[in-house]
Amino acid sequence: MNIAVVFAGGVGARMHTKSRPKQFLELAGKPIIIYTLELFDVHPDIDAIVVACLDSWIPFLEKMLRKFEINKVVRIVPGGETGQSSIYNGLCAAEEYAEGKSGDENTIVLIHDGVRPLITEDTITDCIHTTREKGNCITCIPATETFIVRQPDGKFEIPTRDNSLIARAPQCFMLKDIIAAHRKSKGQALPDFIDSCSLMSYWGHTIHTIIGPMENIKITTPTDFFLFRAMVEVHENQQIFGIQ
């Protein structure tokens, strides 16, 4: 079984929106979160979707799911106080669903940002296949600028671009592995990790990667939203003119 766990529990402070969180901002009458969910809903290898959402916005999300005919969402759970806690809430719901449906110990979860709506069908497929083969898969893009890394002694290290990737999403794992890592972290009261691959790396898992599309941005700022709008228009024009 393959379950997408989409977290949309943030308030979008960097977007500076007043009326609604960024995941519910609309483009052409459709919220960003729906653009994201559609990608998983239509993918033939995705069996179910779990969403971790701001508690007060769950009724609105349920309404949007009906309006846009998103059929694979099987659980909506409240988000947590942090991104990591929101993901954990979603993973627990995915675990409960998987156990109730099949008890399959080989369930894969694809952890994805609700405000990352520009992935492709091929990216989802590649993530699933790589995770089946190697145990996990992090969607990345090549580094296009220079990283400067501050070391504990205050000095700087500059890794070569050839050895540098930028982690994005989906970040995909065997459900039993990622939820075990979350529970170990909670048991030791560790601080939040920046993302799931950092959490898994901390607990000794070797991380595997694929290269995803460069446009797979996370919509965090107004500039990101304008880029998203431009990319949607490009895709629509490609469809109109029959361009693959």
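**Charges and strands in a predicted model**

User: Arginine 116 forms a salt bridge with aspartate 113 in this predicted model. How far apart are the closest N and O atoms?

Analyst: Arginine 116 counts as buried, at 8% relative accessibility. Aspartate 113 is buried too, with a relative accessible area of 7%. Salt bridges that share partners join Asp113, Arg116 and Lys218 into one network. For the pair Arg116 and Asp113, the closest N and O atoms are apart by 2.8 Å.

User: Asp113 also turns up in strand β6. How many of the residues of β6 are buried?

Analyst: Take the two faces in turn. Ile108, Leu110 and His112 point one way from β6, and they are buried. Val109, Ile111 and Asp113 point the other way and are buried as well. So for the strand, which spans residues 108–113, the count of buried residues is six of six.

User: Which residue of β10 stands opposite valine 109?

Analyst: β6 has partners on two sides, going by the sheet order β5-β4-β1-β6-β10-β7-β11. With β1 (residues 2–8), β6 runs parallel over six bridges, and there isoleucine 3 stands opposite valine 109. With β10 (residues 165–174), β6 runs antiparallel over four bridges. Across from valine 109 in β10 you find phenylalanine 173.

User: Which strands stand at the edges of the sheet?

Analyst: The seven strands make an open sheet with mixed pairing, and the twist averages 25° from one strand to the next. Two of the strands have a single partner strand each, so one side of each is left without a neighbour in the sheet. Those edge strands are β5 (73–78) and β11 (209–211).

User: What angle does the direction of helix α2 make with that of β5?

Analyst: Start with the strands: β4 (residues 48–53) and β5 pair in the parallel sense over five bridges, with cysteine 53 opposite proline 78. Helix α2 (residues 58–67) packs on the sheet and touches both β4 and β5. Its direction and that of β5 make an angle of about 165°.

User: And α3, at what angle does that helix run to β1?

Analyst: α3 covers residues 83–101. The helix lies across β1, β4, β5 and β6. Relative to β1, α3 runs at about 150°.

User: Back to charges: which residue forms a salt bridge with arginine 183?

Analyst: Arginine 183 counts as partly exposed, at 36% relative accessibility. The closest N and O atoms of its salt bridge are 2.8 Å apart. The pair links distant parts of the chain, 88 residues apart, with arginine 183 in helix α5 (residues 175–187) and its partner in α3. That partner is glutamate 95.

User: Lysine 30 and glutamate 38 meet in a salt bridge. Which of the two is buried?

Analyst: Their side chains come to 3.1 Å, N to O, in one of four salt bridges that the structure holds. Glutamate 38 has a relative accessible area of 22%, so it is partly exposed. The other has 16%, which is under the 20% cut-off and therefore buried: lysine 30.

User: Aspartate 41 is buried yet has no salt bridge. What is the nearest side chain of opposite charge, and how far away is it?

Analyst: Aspartate 41 is found in helix α1 (residues 32–41). A polar atom of its side chain lies 3.0 Å from the backbone nitrogen of asparagine 71. Beyond its neighbours within four places in sequence, the contacts of aspartate 41 are Ile49, Glu69, Ile70, Asn71 and Lys72. The nearest opposite charge is on lysine 72, at 5.8 Å.

Key: Residues are numbered from 1 along each chain as its sequence is written. This is a predicted model: local features need pLDDT of at least 70, side-chain atom pairs count only at pLDDT 80 or more; totals for chains, interfaces and linings use all residues. Side-chain values use heavy atoms; hydrogens and water are left out. Buried means under 20% relative accessible area, exposed over 50%, partly exposed in between (1.4 Å probe, protein chains only). Lys and Arg count as positive and Asp and Glu as negative; His and the chain ends are not counted. A polar contact is a pair of N or O atoms within 3.5 Å; within protein, one must be able to donate a hydrogen and the other to accept it, and residues adjacent in sequence count only if both atoms are side-chain atoms. Contact means heavy atoms within 4.5 Å. Two strands pair if DSSP finds at least two bridges between them. Axes are lines fitted to C-alpha atoms, for helices over the stretch in contact, and angles run from 0 to 180 degrees between N-to-C directions.
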